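Grab a pencil and work through the exercises below with the model open beside you. Each one sets a task and then walks through a solution.

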Amino acid sequence: MIRQISAEETYKVRQEVLRPGRPLKECFFEGDLEEDTIHLGFFEEEQVVAVATFVARKNAIFETPIQYQLRGMAVLPSHRNQKLGEKLLHKGEEILKSRNPNTLLWFNARETAVEFYKKYGYSTTGPAFMIPNVCMHIVMYKTPTEL
Ligand SMILES: CC(C)(COP(=O)(O)OP(=O)(O)OC[C@H]1O[C@@H](n2cnc3c(N)ncnc32)[C@H](O)[C@@H]1OP(=O)(O)O)[C@@H](O)C(=O)NCCC(=O)NCCS
């Protein structure tokens, strides 16, 4: 039920969940079209209902040379609490580890989602900060040995 999808196929869910009321162009993320970017979609009756994207991006606060950033994790409200977020996260981790076991995975977590990620072994680091027009975020990560 999870498939690799194109960047474009993520936009509808991203818009509804992460950028409600904002133009579709705000649902395009830097790195979306890079060759090594991974977009995952969870399908129900041929409709994408949850998405997550993994982009090869370094964050200078980490020394690990190989880093990916998780972006645009979003589950439609009608499909929450059915472990779709968990499944997308695990699938992404599995793909990254199989590509390179020395990968660190990090992301800017919405403060409202920090507890979700903690369940799966992610740690926070540094102070919370505002992403303009969105909300407060905090950096979270898993080292290569934790991934
Ligand atoms: C956060 C989000 C991706 C979680 O997806 P989901 O499919 O609803 O979550 P799951 O069903 O996989 O939840 C797994 C576990 O995490 C818990 N959980 C889910 N969302 C949570 C949250 N926001 N805070 C704390 N715990 C949460 C669930 O209760 C469940 O716990 P359990 O294993 O004890 O039953 C989803 O709620 C979402 O899209 N939220 C809005 C957008 C967002 O915040 N995205 C993340 C941006 S960084």
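**Exercise 1. Work out which protein atoms make polar contacts with oxygen atoms of the ligand at N81, G85 and K119.**

Solution. Keep in mind that this is a predicted model.

- Step 1: start at N81, where a backbone N or O atom sits 2.9 Å from a ligand oxygen.
- Step 2: move on to G85, which also uses a backbone N or O atom, here 2.8 Å from an oxygen atom of the ligand.
- Step 3: finish with K119, where a polar atom of the side chain is 2.9 Å from a ligand oxygen.
- Step 4: apply the cut-off; a polar contact needs N or O atoms within 3.5 Å, and the distances at N81, G85 and K119 are 2.9 Å, 2.8 Å and 2.9 Å.

Now widen the view: how many residues surround the ligand? There are 22, and the closest are M73, V75, K83, G85 and E86.

**Exercise 2. Describe the largest pocket by its volume, its lining and the elements that supply that lining.**

Solution.

- Step 1: take the volume, which comes to about 900 Å³.
- Step 2: look at the lining, made up of 34 residues, with M73, A74, A113, F116 and Y117 nearest the centre of the pocket.
- Step 3: sort that lining by class, and you get 17 nonpolar, nine polar and eight charged residues.
- Step 4: trace the lining back to secondary structure; α1 (11-18), β4 (67-75), α2 (84-99), β5 (104-110) and α3 (114-119) each put in at least two residues.
- Step 5: pick out the main supplier, β4, whose seven residues are the largest share.

M73 turns up on both lists: it is among the residues closest to the ligand and among those nearest the pocket centre.

**Exercise 3. Check the span of α2 against the expected value, then list its buried residues.**

Solution.

- Step 1: count 16 residues in α2.
- Step 2: compare the spans; from first C-alpha to last, α2 reaches 23 Å, close to the 22 Å expected at 1.5 Å a residue.
- Step 3: list the buried positions of α2, which are L84, G85, L88, L89, G92, E93, I95 and L96.

G85, then, is a buried residue of α2 with a backbone atom 2.8 Å from a ligand oxygen.

**Exercise 4. Decide whether T37, E45 and N133 are buried or exposed.**

Solution.

- Step 1: find T37 in the loop between α1 and β2 (38-44). Its relative accessibility is 10%, so T37 is buried. A polar atom of the T37 side chain lies 2.6 Å from the backbone oxygen of G31.
- Step 2: go to E45, in the loop between β2 and β3 (47-56). Relative accessibility is 75% here, so E45 is exposed. Although E45 isn't a glycine, its phi is positive, near 45°.
- Step 3: try N133, in the loop between β6 and β7. At 63% relative accessibility, N133 is exposed. N133 has a positive phi too, about 70°, and isn't a glycine either.

**Exercise 5. Set separation in sequence against separation in space for M1 and P132, each paired with F43.**

Solution.

- Step 1: M1, in the segment before β1 (2-4), is 42 residues from F43 in sequence and 5.4 Å from it in space, C-alpha to C-alpha.
- Step 2: P132, in the loop between β6 (123-131) and β7 (135-142), is 89 residues from F43 in sequence, with 31 Å between the C-alphas.

Definitions and conventions:
Residues numbered from 1 in each chain as written. Predicted model: local features only at pLDDT ≥ 70, side-chain atom pairs only at ≥ 80, totals over all residues. Heavy atoms only, no water. 1 Å grid on protein atoms, 1.4 Å probe; cavity = no way out; pocket = protein on both sides within 12 Å on 5 of 7 lines; lining within 4 Å. Points joined across faces, edges and corners; volume = space filled by probe spheres on them. Helix = DSSP H or I, 4+ residues; strand = E, 2+ residues; numbered from the N terminus. Nonpolar A, V, L, I, M, F, W, Y, C, P; charged D, E, K, R; others polar. Expected span 1.5 Å × (residues − 1). Buried < 20%, exposed > 50% of the residue type's maximum accessible area, 1.4 Å probe, protein only. Near = heavy atom within 4 Å. Polar contact = N/O pair within 3.5 Å; in protein donor to acceptor, adjacent residues only side chain to side chain.
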